[in-house]
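Dear colleague,

I am handing over the structure that we spoke about, and my notes on its aromatic rings follow below it. Please have the sequence and the model open side by side as you read.

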Amino acid sequence: MQTGSKLHDDRPGVSALGGLGAQARGASGRLLPEIWMQDGAKRVEQALARLLCAEDDGETELMAAMRYATLHGGKRTRTLLCLAAGALADTPAHMLDDVGAAIEMMHACTLVHDDLPAMDDDVLRRGLPTVHVKFGEATAILVGDALQAHAFLTLASLDAPGDNRIALVRELAQAVSAEGAAGGQAMDLSLVGKHVELDRIVAMHRMKTGALVRASVRMGALCAIAEDAAHAALYCALDRYSACFGLALQVVDDILDATADTATLGKTPGKDAAAQKPTCASIMGLQAARQFALDLLRDAEEAIAPLGPRAERLAQMLQRANAYLFKHAPCA
């Protein structure tokens, strides 16, 4: 695996930081988050459209349903975290596009399966009918299965050294394993209707939501930087950052489920309370949960402080999360 060399994209206007060069900087020379985030999300959407080719659909709706699950919006938070960490590692933009697409496929897989009647049983996702509502439950199950497979195929087919591809496949697989999202979902289902301690909820969130967030950050770096003794401090900082960020995302989601409307959420509000699911918000109370999220985002900022200016995009992701929390879950 490459460890010291700078990897560059030779496309005009694209820098070794994995995004727009001078176009993405203001007069002060600082990166403009709205530009690189919009550009990065657009590039990954284009990669998804290319990798999930509609012409492959044949006589079924499977590919159409896979595209429906991935190409209809979303905040693309995990993709942007991958791009931000990739900028830190000087990962080439074209590689990040496909890695980001693989992450989005896997994230969509978890959402499609979470929405199924046997799981969270939701009829709305991103403001649209969920996949099983639009295409049927059997197709939705196959969509999740196929998206997971296509995510790994995308990583295995990257124009990158074999060691890099193996590291990326291993990282994503671990994120959705019994120790990650699948195990977290199983724990989530097992806690319905029970009175549990906060630490069990936190442990569940770190698996169900946090594992894929952690993988997204690490995968941006693993494209170009080996996880070895020479880079132990870097990965320690990234892991602390992603652990705090991932848990904060879920705490905010818990708060919004209890306070926001359908237009804000893009899905049915009040689902947690209706299903008697314990959450950080229900155990701590809304204001304490909100402060918990803010503290986590502050801890994430401290984690990457030693990395200096090269972690600027990771810091901008924290600013984005803070702004979202203040906009949609203001103080009472």
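What follows concerns the aromatic pairs and the charged side chains that sit over rings.

Please keep in mind that this is a predicted model. A search of the whole structure finds two aromatic pairs.

One of them is formed by Tyr 68 and Phe 135, whose rings meet edge-to-face, with 5.4 Å from centre to centre and 70° between the planes. Because Tyr 68 belongs to helix H2 (residues 62-70) and Phe 135 to helix H5 (residues 131-135), this pair ties together parts that are 67 residues apart in sequence. Tyr 68 counts as buried, at 13% relative accessibility, and Phe 135 counts as buried as well, at 15%.

The other pair is that of Tyr 241 and Phe 245, which is classed as tilted because the ring planes stand at 35°, a value that falls neither under 30 degrees nor over 60; the ring centres are 5.8 Å apart. Both residues lie in helix H11 (residues 232-259), and, being four residues apart, they are separated by about one helical turn. Tyr 241 is buried at 0% relative accessibility, and Phe 245 is buried with a relative accessible area of 1%.

Turning to charges over rings, Phe 135 appears again, since Lys 134 lies over the face of its ring, at 5.8 Å from the ring centre. Elsewhere, the charged end of Arg 290 sits over the ring of Phe 326, at 4.7 Å from the centre of that ring.

With best wishes

How values were computed:
Residues are numbered from 1 along each chain as its sequence is written. This is a predicted model: local features need pLDDT of at least 70, side-chain atom pairs count only at pLDDT 80 or more; totals for chains, interfaces and linings use all residues. Side-chain values use heavy atoms; hydrogens and water are left out. Rings of Phe, Tyr and Trp (its six-membered ring) pair if their centres lie within 6.5 Å; planes under 30 degrees apart count as stacked, over 60 as edge-to-face and the rest as tilted. Helices (H or I, at least four residues) and strands (E, at least two) are DSSP runs, numbered from the N terminus. Buried means under 20% relative accessible area, exposed over 50%, partly exposed in between (1.4 Å probe, protein chains only). A charge sits over a ring if NZ of Lys or CZ of Arg is within 6 Å of the ring centre and within 35 degrees of the ring normal.
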